[in-house]
Amino acid sequence: MKITIIHGQNHQGSTCNIARMLAERLNGQVEEFFLPRDFGEFCMGCTSCFMESETKCPHYEKLLPITRALDGADVIILASPVYVYHATGAMKAFLDHYGFRWMVHRPEEAMFKKQAVCISTAAGRGMKSTNQDMAHSMFFWGVARTYKYGVAVMETSWERVSAKKKQAIEKKLDLLAGKIVKRQGKISPSIKTKLFFYVMRQMMKNGWNKADVDYWEKKGWTKKKCPW
């Protein structure tokens, strides 16, 4: 199993440790990226990725190592601490660069057979909205199954998190890892994802952005073929 972790911050705090704990339980080959250390560019809004090709993005080459890791992974873990009730700005800026991969444009076929986990921590609250920030992209990328795990660690340092809290986290991660391993290799997109794909298929048939229509036609998705 190949696992790609995208950390929404550079420091290795509670969120980072929990993401790594989950990866250890999955017992796979892990590749990690830290934002903004490994990618810190903001989308310029040039629309080149939508209207022409993602290769026209001025940050395409810099983003390419992460893109390849995402495409090659069986499980994607997005991990972000809560920043003002949302994901970090670095995580948001990163995900902005993949707008062209949303199902309304040119989704990557491999995503429809992957699992993803959105992880967030806070000293208090905000995990639900933070995980949703990341889960939105996972759904619209076409990821087959996305899990969300948020936890209030009641501390700003992982070292100061209580032993009792850490034990509870470990139990939750054991259950989550078990679900992921059990479904590995036989995952299928949800009914919601499939229905959205079919709506996009009809939209492509009716004409849309040329770059997107050409992509869908080349894949055979405007006919009966599906990416799962």
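This report describes a helix, an aromatic cluster and a surface patch in a predicted model.

## Helix H1 and its surroundings

Helix H1 comprises 13 residues, from 14 to 26, and spans 19 Å between its first and last C-alpha, which is close to the 18 Å expected at 1.5 Å a residue. Its buried residues are Ser14, Thr15, Cys16, Ile18, Ala19, Met21, Leu22, Ala23 and Leu26, and the elements that cover them include the strands S1 (2-7), S2 (29-34), S3 (75-81), S4 (115-122) and S5 (145-152), together with helix H6 (163-183). After H1 comes Asn27, with a positive phi near 55°.

## Aromatic pairs around Phe112

The count of aromatic pairs comes to 17. In one of them, the ring centres of Phe112 and Phe197 lie 5.9 Å apart and the planes meet at 80°, so the pair is edge-to-face. This pair links distant parts of the chain, since Phe112 is in the loop between helix H4 (89-96) and S4 whereas Phe197 is in helix H7, 85 residues apart.

Phe112 also forms an edge-to-face pair with Trp221, at 6.3 Å centre to centre and 70° between the planes; Trp221 belongs to the segment after helix H8 (210-219), 109 residues apart from Phe112. Phe112 counts as buried because its relative accessibility is 0%, and Trp221 is likewise buried, with a relative accessible area of 0%. Phe112, Phe197 and Trp221 belong to one aromatic cluster that also contains Tyr198, Tyr215, Trp216 and Trp228.

## A nonpolar surface patch

Tyr198, a member of that cluster, also joins Ile191 and Leu195 in a nonpolar surface patch with about 330 Å² of accessible area together. Ile191 lies in helix H7 (residues 191-205) and counts as exposed because its relative accessibility is 66%.

Definitions and conventions. Residues numbered from 1 in each chain as written. Predicted model: local features only at pLDDT ≥ 70, side-chain atom pairs only at ≥ 80, totals over all residues. Heavy atoms only, no water. Helix = DSSP H or I, 4+ residues; strand = E, 2+ residues; numbered from the N terminus. Expected span 1.5 Å × (residues − 1). Buried < 20%, exposed > 50% of the residue type's maximum accessible area, 1.4 Å probe, protein only. Contact = heavy atoms within 4.5 Å. Patch = residues over 30% accessible without salt bridge, like charges linked within 9 Å, V, L, I, M, F, W, Y side chains within 5 Å. Areas by Shrake-Rupley, 256 points an atom, 1.4 Å probe, with all protein chains shown as cover. Salt bridge = Lys/Arg side-chain N within 4 Å of Asp/Glu carboxyl O. Phe/Tyr/Trp six-rings, centres within 6.5 Å; stacked < 30°, edge-to-face > 60°.
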